[in-house]
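New page in the notebook. I want to find my way around this structure, so I'm jotting down each thing as I look it up.

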Amino acid sequence: PVVVGYLLRVSRASGGAIVEMRGWESHSGSHSPYARDWSHAGGGALLRLGAHPIGAMLWLRRGSARVTSVTAEVRSADGAPESWGSCVLRFDDGSVGVAHGSDHMLGGMQSHLTVLSPAFRFECALSPIDTLRAYAPRDGAFGGEYIMEKVDGQAGWSTPIPDEEWSSGQQSPAGNRHRHAH
């Protein structure tokens with residue numbers, strides 16, 4: 001919300017119209033067995049992961065442009081929900097949003113949004129936020145500390161998320177402080 005709010009203020013101040021948005025979220029696949037079953041999931045990577053950058057795009061365009069059409073393509077294996085999906089959203093002001101979700105990325109989760117205008121360009125790390133970057137030459141360098149969702153070890157570069165619920169927007173800062181005060 002902070003990044004998108006800033007982007008909205010800059011867009012209004014510069015008079016720059018958003019002409020294109022590109023977003024994606026990827027990781028190594030859902031840990032939930034329900035995600036691999038159509039009767040429970042209702043969709044795969046595009047629904048579970050692509051929904052996040054799509055949500056950011058829609059929130060960013062709220063009140064200024066409406067979606068007029070959506071086209072999508074998905075990849076599925078063995079009748080399971082898709083492990084990769086992509087879609088194009090067309091807006092009534094001529095702008096477009098391209099989003100994809102994938103279960104094929106090792107090394108943690110990444111969610112990103114690029115916003116393009118003749119007046120500016122924004123690169124937004126939706127998750128993980130890059131507040132903290134860490135490098136460990138070997139596994140176990142950080143002891144038993146949690147790094148982030150979908151990271152299988154500690155060796156190499158990582159983006160630790162010290163308070164994942166708050167950092168990923170799943171809890172308000174006030175609610176988070178209250179929870180840790182006990």
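How many salt bridges does the count come to? I get four salt bridges. One caution before I go on: this is a predicted model.

**Entry: salt bridges**

I started with E20 and R22, which form a salt bridge with their closest N and O atoms 2.5 Å apart. E20 has 22% relative accessibility, and since buried means under 20%, I have to log E20 as partly exposed. R22 is partly exposed as well, with a relative accessible area of 42%.

Next I looked up R48, which forms a salt bridge with D103. The closest N and O atoms of that pair are 2.5 Å apart. I placed R48 in helix 3 and D103 in the loop between strand 4 (96-102) and strand 5, so this pair ties together parts that are 55 residues apart in sequence. R48 comes out partly exposed at 22% relative accessible area. D103 has a relative accessible area of 15%, and the cut-off for buried is under 20%, so D103 goes down as buried.

Then came R61 and D93, another salt bridge, with 2.6 Å between the closest N and O atoms. What does this pair tie together? R61 lies in helix 3 and D93 in the loop between strand 3 and strand 4, so the link is between parts 32 residues apart in sequence. Is R61 buried or exposed? I found R61 buried, with a relative accessible area of 5%. Its partner D93 is partly exposed, at 39% relative accessibility.

**Entry: the overall layout**

I stepped back to look at the whole chain. I counted five helices and eight strands in the protein chain. Reading along the sequence, I wrote the pattern down as α-β-α-α-β-β-β-β-β-β-β-α-α. The chain has 182 residues, and 39% of them count as buried. I also checked contacts with a separation of 6 or more: residues 24 or more positions apart account for 61% of these.

**Entry: strand 5 and its neighbours**

Strand 5 caught my eye, so I followed it on both sides. Strand 1 (residues 20-26) pairs with strand 5 in the antiparallel sense, over seven bridges. Within that pairing I noted W24, whose bridge partner in strand 5 is H112.

Then I turned to strand 6. Strand 5 and strand 6 run antiparallel and are joined by six bridges. They form a hairpin, and four residues sit between them. Which residue of strand 6 is the bridge partner of L113? I found C124 there. V115, in turn, stands opposite F122 in strand 6.

Why is strand 5 largely enclosed by the rest of the structure? Six of its seven residues are buried, so that is how I describe strand 5.

**Entry: the largest nonpolar core**

I looked up the core next, with one general point in mind. In soluble globular proteins, nonpolar side chains tend to be buried together. Here the largest nonpolar core has 17 residues. Those touching the most other members are I18, M21, M57, C87, L89, L113 and V115. Which elements give two or more residues to this core? My list reads helix 3 (45-61), strand 3 (84-91), strand 5 (110-116) and strand 6 (121-127). Helix 3 gives the most, with five residues. I had already met L113 and V115 in the strand 5 hairpin: L113 is the bridge partner of C124, and V115 faces F122.

**Entry: cysteines**

I went looking for disulfides and found zero in the structure. I looked at two cysteines along the way. C87 is buried, with a relative accessible area of 5%. C124 is buried too, with a relative accessible area of 5%.

**Entry: how far to trust it**

I left the confidence check for last. The protein chain averages a pLDDT of 79, and 79% of the residues score at least 70. Over residues 176-182 the pLDDT is below 50. Beyond near neighbours in sequence, that stretch has seven contacts in the model. I've flagged residues 176-182 in the margin for their pLDDT below 50.

How values were computed:
Residues are numbered from 1 along each chain as its sequence is written. This is a predicted model: local features need pLDDT of at least 70, side-chain atom pairs count only at pLDDT 80 or more; totals for chains, interfaces and linings use all residues. Side-chain values use heavy atoms; hydrogens and water are left out. A nonpolar core is a set of buried Ala, Val, Leu, Ile, Met, Phe, Trp, Tyr and Cys residues joined through side-chain atoms within 4.5 Å. Buried means under 20% relative accessible area, exposed over 50%, partly exposed in between (1.4 Å probe, protein chains only). Two strands pair if DSSP finds at least two bridges between them. A salt bridge is a side-chain nitrogen of Lys or Arg within 4 Å of a carboxyl oxygen of Asp or Glu. A disulfide is a pair of cysteine sulfur atoms within 2.5 Å. pLDDT is the predictor's confidence in each residue, from 0 to 100. Contact means heavy atoms within 4.5 Å.
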